[in-house]
Amino acid sequence: MSVRELVVLGTASQVPTRHRNHNGYLLRWDGEGLLFDPGEGTQRQMLRAGVAAHDLNRICVTHFHGDHSLGLAGVIQRVNLDRVPHEISAHYPASGQRFFDRLRYATAYRETVALTEAPLEADGVVAVTGSYTLEARRLSHPVESYGYRLIEPDGRRMLPERLAAHGIEGPDVGRLQREGSHDGVLLADVSEVRRGQRFAFVMDTRLCDGVHALAEGCDLLVIESTFLDEDTRLATEHGHLTAGQAAAVAREAGVRHLVLTHFSQRYTDADEFERQARAAGFEGELTVAHDLLRVPVPKRR
């Protein structure tokens, strides 16, 4: 059975707190696991969340600030210790290669896993698999930063009433799906386009074109909201978003489920992020993330 869900491993920004670990997010997408921004403590949070090293297929780093990348050393050593049998790809800004190298080889260990480095140098397609295309877009932050967008290919939804009208049933339905036609009936005659699902991961950034492009039409958008709206000046100065800005992006992009995360330690009332997001006009499903939360990807429309 396929599983599509977000496992939140940490939600703090800059420094962890008593209740929030540094960043870390695992997207389970059918049989694959994509780990985003493993901050310090991610390996332990994986244990607490029931995420194994064998669950990882890709590691995607938005940028090389410590709260988004210091956990790389432990995660990389753990997948080697556990002898993960499949290849793992690592995506990160090419300008941070020296930081990736230092984290990958922070201490001595035996390498047993094929870890493929795939640094990002520009916007575009990062990877293509049978079940999704992964893209990256440049964001606006004091250091080079990218957001990620996963797109499932469109499929076809069979329409029972049209199948019945053409007298197609049983094994002939599967044959029509595989071959595209059966006894003069085309697949398009008895089905409609089923839009593929979309997921985006947007971390440290000011408002910019990349933010809007990543969020467009997403079923699930995970986006930073480091500051509340009264601190918009600070957010812009330090290259971050406010709760209201993040929600406005989601509203304009037609996002179905918005997940706010990456909260400054200066705030103690998490409910205020939700209030400001709603005040910005976002009416879809809204989650203010906390550590070890599981968020299912919305079912197809």
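This report describes strand 5 with its paired neighbours, and then the surroundings of Ser191, in a predicted model.

## Basis of the model

Because the model is predicted, local features need pLDDT of at least 70 and side-chain atom pairs count only at pLDDT 80 or more, whereas totals for chains, interfaces and linings use all residues. Residues are numbered from 1 along each chain as its sequence is written, and side-chain values use heavy atoms, with hydrogens and water left out.

## Strand 5 and its partners

Strand 5 covers residues 88-93, and 6 of its 6 residues are buried, so the strand is largely enclosed by the rest of the structure. Here buried means under 20% relative accessible area, with a 1.4 Å probe and protein chains only, and strands are DSSP runs (E, at least two residues), while helices are runs of H or I of at least four residues, numbered from the N terminus.

Two strands pair if DSSP finds at least two bridges between them. Strand 4 (residues 58-60) pairs with strand 5 in the parallel sense over 3 bridges, with His91 as the bridge partner of Cys60. Strand 5 also pairs in the parallel sense with strand 6 (residues 115-120), over 6 bridges, and there His91 stands opposite Ala118.

## Surroundings of Ser191

Ser191 lies in strand 13 (residues 191-194) and, at 3% relative accessibility, counts as buried. The side chain of Ser191 makes a polar contact (a pair of N or O atoms within 3.5 Å; within protein, one must be able to donate a hydrogen and the other to accept it, and residues adjacent in sequence count only if both atoms are side-chain atoms) with the side chain of Arg156, at 3.0 Å. A polar atom of the Ser191 side chain also lies 2.6 Å from the backbone oxygen of Leu187.

Terms used. Buried < 20%, exposed > 50% of the residue type's maximum accessible area, 1.4 Å probe, protein only.
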